[in-house]
Amino acid sequence: MAVKIIRQQKKIALLGSTTSAAALRAGHERAPEALRAAGLADRLKTAGFEVADLGDTAGYIFQPDDEHPRARNVSTVLKSLNDLRPRVEAAVKSGAIPIILSGDCISVLATIAATRRYFRNVSLIYIDRDADLNVPSTTPNGSVDGMVISQVVGRGAPELVRFWGEPPLVREPDIALFGLERLSPAEEQYLIASPLRRHTALEISTGGSAAVAWAALERVHAAKHEFVLHFDVDVITGEEFPWTNSPGTGGLTLSEVRDALHVFASQPNLAAFEVAGYNPELDPDGQGARTLIDLMVEALATRLETGSGEVAAVVVSAGEVPAPPSSDAPHTDASQIGDPHTEPESAAETSGDLPSTADPDSTSS
């Protein structure tokens, strides 16, 4: 059966992924709680959104895990992904925009997999200072968060590659690394032959953040595909946002990040928005939480400027999702592929009400 999802411009589904298991220290897991306490939901409501808070996953906290130095806490990370995925599925099915507050960047695997439950083609805008292209054999510290894009494209820790039955989760040409600045030698070597789209911090600062954001959307075919927007706050220069585990000089300014988020968040094909990397333990007076909420709300408010209520329906396949292209297959430009959202003769519609629980009519991987 086909399902017709009606996008609800004014509706937001708020979820928390309370995890620091993929990082190198505890603290990230408190990000959802801290952002709620700082008034995120109220600010969104004041901006004009209807907000349904779908709650948090169980807590998954960093442990040293010296027994697995090449992929620390990988079994715990997998549990966190399987916890988050059905919650995001429920939010996507409702037609609201899922806003995922996460400690770890690796949560994006669950967000993409949940989105692919309903959409054949999903692109990824990955705002991060790091490429996250390490694998267990090249990692300097065993952090699974340093392998996120590798996992997305079908490399990395086998347990996480198998999270999506037939990798890749997203084809390399449909991923844009935005704000890239820090690369290990192994990552530099991989990028030489990779079709991953990348926009460095220098390019963004030189060419203008909004202009480069539009270019990134075009390169990953976001006008034709749904896309997930992932935002790691460590992309912001440490002088303006030090409340993260890995701040540093350079990076993007708050103004540059704001301009880019305005472009990305305003797109009708935005399927989910994930925010990661904020550590409340480094933010005792809450200034970082307030700064981050300002960025998020201002960006999301652009979605209300072009209209309100229901927008164009997108027809998707429920239940069984077509397998993604093989990672060994030649890359095909999206312009050569037929529209995957062609409406069948009949379709069931889902819209309006958000689920009261996080248990959709599916099972996790």
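In this predicted model, Ile100 stands opposite Glu274, a residue of strand 9. The strands behind that match-up are strand 4 (residues 97-102) and strand 9 (residues 270-276), which run in the parallel sense and are held in register by three bridges.

Zooming out, strands 4 and 9 sit side by side in an open sheet of eight strands, ordered 3-2-4-9-8-5-6-7 and paired in parallel. At the edges are strand 3 (50-56) and strand 7 (197-200), each with pairing on one side only. From one strand to its neighbour, the sheet turns by 15 degrees on average, ignoring direction. Helix 3 (residues 74-94) packs on this sheet and touches strand 2 (11-17), strand 3, strand 4 and strand 9. The direction of helix 3 makes about 175 degrees with that of strand 2.

Now for the rings. A pair of aromatic rings is described by the distance of the centres and the angle of the planes. The structure has two such pairs. One joins Phe178 to Phe264, edge-to-face, with 5.3 Å centre to centre and 85 degrees between the planes. This pair ties together distant parts of the chain: Phe178 belongs to strand 6 (residues 175-180) and Phe264 to helix 10 (residues 254-265), with their positions 86 residues apart in sequence. Both Phe178 and Phe264 are buried. The other pair, Phe241 with Trp243, is edge-to-face as well, at 4.9 Å centre to centre and 90 degrees between the planes. Phe241 has a relative accessible area of 0% and Trp243 one of 9%; buried means under 20%, so both residues of this pair count as buried.

Two arginines also turn up over aromatic faces. Arg85 lies over the face of Phe163, 5.5 Å from the ring centre. Arg155 does likewise with Tyr190, at 4.0 Å from the ring centre.

As for the chain as a whole, there are 11 helices and 11 strands. Of the 365 residues in the protein chain, 58% are buried. Take the contacts between residues at least 6 apart in sequence: 80% of them join residues at least 24 apart. The protein chain exposes about 14,000 Å², and carbon and sulfur atoms supply 50% of that area.

How values were computed: Residues numbered from 1 in each chain as written. Predicted model: local features only at pLDDT ≥ 70, side-chain atom pairs only at ≥ 80, totals over all residues. Heavy atoms only, no water. Phe/Tyr/Trp six-rings, centres within 6.5 Å; stacked < 30°, edge-to-face > 60°. Helix = DSSP H or I, 4+ residues; strand = E, 2+ residues; numbered from the N terminus. Buried < 20%, exposed > 50% of the residue type's maximum accessible area, 1.4 Å probe, protein only. Lys NZ or Arg CZ within 6 Å of the ring centre and 35° of its normal. Pairing = 2+ DSSP bridges. Axes fitted to C-alpha atoms, helices over the stretch in contact; angles between N-to-C directions. Contact = heavy atoms within 4.5 Å. Areas by Shrake-Rupley, 256 points an atom, 1.4 Å probe, with all protein chains shown as cover.
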